Amino acid sequence: MRISRTRITAVVAATATVAAAVTTVLAGTASAAQGCRIDYQPNEWTGGFTANVRVSPGDTALSSWTVTWSYPGGQRITGGWNATVSQSGTTVTARNAAWNGSVPAGGSTEFGVQGTSTSGSVAPTGFTLNGVPCNGAPPPTTTPPPPTTPPPTTPPPTTPPPTTPPPTTPPPTTPPPTTPPPTTPPPAGCAGAVLCDGFENQTGTTPSGDWSVVNPDCSGTGRASVDTATTHSGSRSLRIDGAQGYCNHVFVRSTKDLSAVGTVRYGRIWLRHTTALPTQHVTMMAMTDAADGNKDLRMGGQNAALQWNRASDDATLPEQSPAGVALSVPLPTGRWTCLEFMVDGNQGQLRTWLDGTAVTGLTADGVPTHDIDSQWLNRTWRPRLTDLKLGWESYGEGADTLWYDDVALGTSRIGC
C-alpha cells in the first residue's frame with residue numbers, strides 16, 4: 001500500500017448427527033400448523049460436527065422465525081450460517097437472517113450450524129418454532145399410544161391369555177447405516193468457502209499460523225492480537241487496536257492459498273468496533289489487486305459512512321458528495337455486524353451487504369451514475385484479488401478498536 005491521502009470532503013451523511021433428528025414444530029403463537037416440521041441433518045467427526053437445519057412451517061406462513069433445541073450431550077455451537085445462532089447452557093437459539101425470515105405456507109428455508117462435541121453422538125431434542133413445540137410429532141417408540149376403543153363393559157373371557165405375547169419383528173441389533181462422516185472436517189458456517197476461519201486454532205496472543213501480522217509501509221503503535229474476551233462465536237476473535245495517524249496502521253494477512261476463490265470473490269466478515277467512522281479516510285480491510293499494479297482495493301470509511309477505495313487512483317465508491325455519501329451507511333458501533341461483499345473481476349462489478357441488506361452506494365453495476373459511481377467507473381477496472389488483510393489504517397484522524405470473527409471467502413454468497 002502506498003502512502004496516500006484521500007481527498008477530504010466534509011459532507012453530511014444520511015443516517016441512513018450421527019443420526020438425523022427430525023422434529024415437527026409450531027409455526028405461530030396460538031396453535032400448531034399442520035405439517036410444519038424441522039429437519040436436523042448432521043455430519044459428525046471426532047471432536048466436531050456440522051448440521052443442516054430445514055425449517056418448514058406447514059400450513060402457516062412465517063414473517064420471521066426463531067428455532068430452539070437442546071443438546072443432551074456435550075455439543076457446543078461455534079458458528080452458523082444463514083441464521084444468527086447462539087447457545088446458553090444446553091439450549092441453542094437460531095434466528096432468521098435478514099433475507100430468509102419470510103417463509104410461505106408449504107415452503108421451507110435452511111440454515112446451518114457448526115460445533116464441537118466431547119461426549120459422542122447424542123441427537124438434539126426439544127425443537128420449537130417461535131417458542132412452541134412441534135405439532136404432530138410422532139409418539140415415542142417405546143410407549144404405545146392409548147387405545148381409542150372404549151374398554152369392554154363385560155368381564156374378560158375365561159380363556160386364559162397365552163403365556164407369551166405373539167412374536168413381533170425383532171428390532172435390528174445395530175442402528176441403520178447413516179452417511180459416513182467426512183474424512184476431514186468440512187468448512188463450517190461458511191457454505192463450502194475456500195477460507196473459513198473463526199480464529200479458534202490460534203494458540204497464542206499474537207496471530208500466527210493461518211494469519212500473519214503485517215505493516216505494509218511503516219510500523220507504529222497499531223497492534224493485532226488474539227482476543228478471548230469479545231467474540232462473535234466460539235472462544236476467540238481477532239482484535240485490532242488501531243491508533244490515529246498513518247504509520248500506526250496494522251493488518252493481519254491470511255497466509256492461505258486463495259487462488260481457488262477465482263476472479264469472482266464473495267466475502268463474509270463479522271465485525272465489531274467501538275468508535276464511529278471519522279470524517280477523514282480510514283481503512284479496515286484491504287486486498288491486493290494483481291491487475292492494478294499490486295495496489296490495494298480497500299474497504300473503510302469516510303465522512304462517517306462506509307466506502308470502497310482504490311489505492312491506485314484514490315477513487316472512492318460512493319463518491320464523497322452529499323448524494324453519494326447519503327447512499328452509504330455508517331458502521332454500527334458496540335455490536336457485531338455482518339459485512340458481505342462481492343467483487344466480480346470478469347465484469348468489474350462490486351456489491352456490498354450490511355446485515356444482509358444491500359447498500360446502494362457501495363454497488364458498482366457498470367452503469368455510471370453522476371455523483372455516485374462515475375469516478376469509480378472512469379476507467380476499465382477488472383480486479384484480480386490475491387489476498388485478504390484485516391486491520392486498521394488512518395490517514396489523519398481516527399483511532400478505533402475493532403474485532404473480526406467468522407471470516408469467509410468463497411465463490412458464491414456465503415450469508416451471515
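Is Thr263 buried, partly exposed or exposed? In this predicted model, Thr263 has a relative accessibility of 34%. A residue counts as buried under 20% and as exposed over 50%, with partly exposed in between, and therefore Thr263 is classed as partly exposed.

The surroundings of Thr263 may be considered next. This residue is found in the loop between strand E15, which covers residues 250-254, and strand E16, which covers residues 264-273. When its neighbours within four places in sequence are left aside, Thr263 is in contact with Val343, Asp344, Gly345 and Asn346. With one of these residues, Asn346, there is a polar contact of 3.1 Å between the two side chains. The chain also brings Gly348 to a C-alpha to C-alpha distance of 9.9 Å from Thr263, although the two are 85 residues apart in sequence.

Strand E15, at one end of this loop, leads to a sheet. The sheet is open and has seven strands in the order E12-E15-E24-E17-E18-E19-E20, with antiparallel pairing. At its edges stand strand E12 (211-214) and strand E20 (316-317); each has a single partner strand, so one side of each is left without a neighbour in the sheet. Within the sheet, E15 runs antiparallel to strand E24 (residues 389-394), and four bridges join the two. In one of the pairings between these strands, Arg253 has Lys389 in E24 as its bridge partner.

Another strand of the sheet, E19, spans residues 305-310 and contains Asn309. Asn309 has a relative accessible area of 0% and is therefore buried. Its side chain makes polar contacts with two other side chains: that of Arg298, at 2.5 Å, and that of Asp314, at 3.2 Å.

The nonpolar residues give a further view of the interior. In soluble globular proteins, nonpolar side chains tend to be buried together. Here the largest nonpolar core has 43 residues, and Met284, Trp308 and Leu388 touch the most other members. A second core, separate from this one, has 21 residues, including Phe49, Ala51, Leu62 and Trp69.

Finally, the model contains enclosed space. The largest cavity holds about 50 Å³. Its lining consists of Gly79, Gly80, Ala83, Thr84, Val85, His232, Ser233, Trp270 and Cys416. Strand E5 (76-81) and strand E6 (83-88) each supply at least two residues of this lining. Which strand gives the most to the lining of the largest cavity? The answer is E6, with three residues.

How values were computed. Residues numbered from 1 in each chain as written. Predicted model: local features only at pLDDT ≥ 70, side-chain atom pairs only at ≥ 80, totals over all residues. Heavy atoms only, no water. Core = buried A, V, L, I, M, F, W, Y, C linked by side-chain atoms within 4.5 Å. Buried < 20%, exposed > 50% of the residue type's maximum accessible area, 1.4 Å probe, protein only. Contact = heavy atoms within 4.5 Å. Polar contact = N/O pair within 3.5 Å; in protein donor to acceptor, adjacent residues only side chain to side chain. Pairing = 2+ DSSP bridges. 1 Å grid on protein atoms, 1.4 Å probe; cavity = no way out; pocket = protein on both sides within 12 Å on 5 of 7 lines; lining within 4 Å. Points joined across faces, edges and corners; volume = space filled by probe spheres on them.
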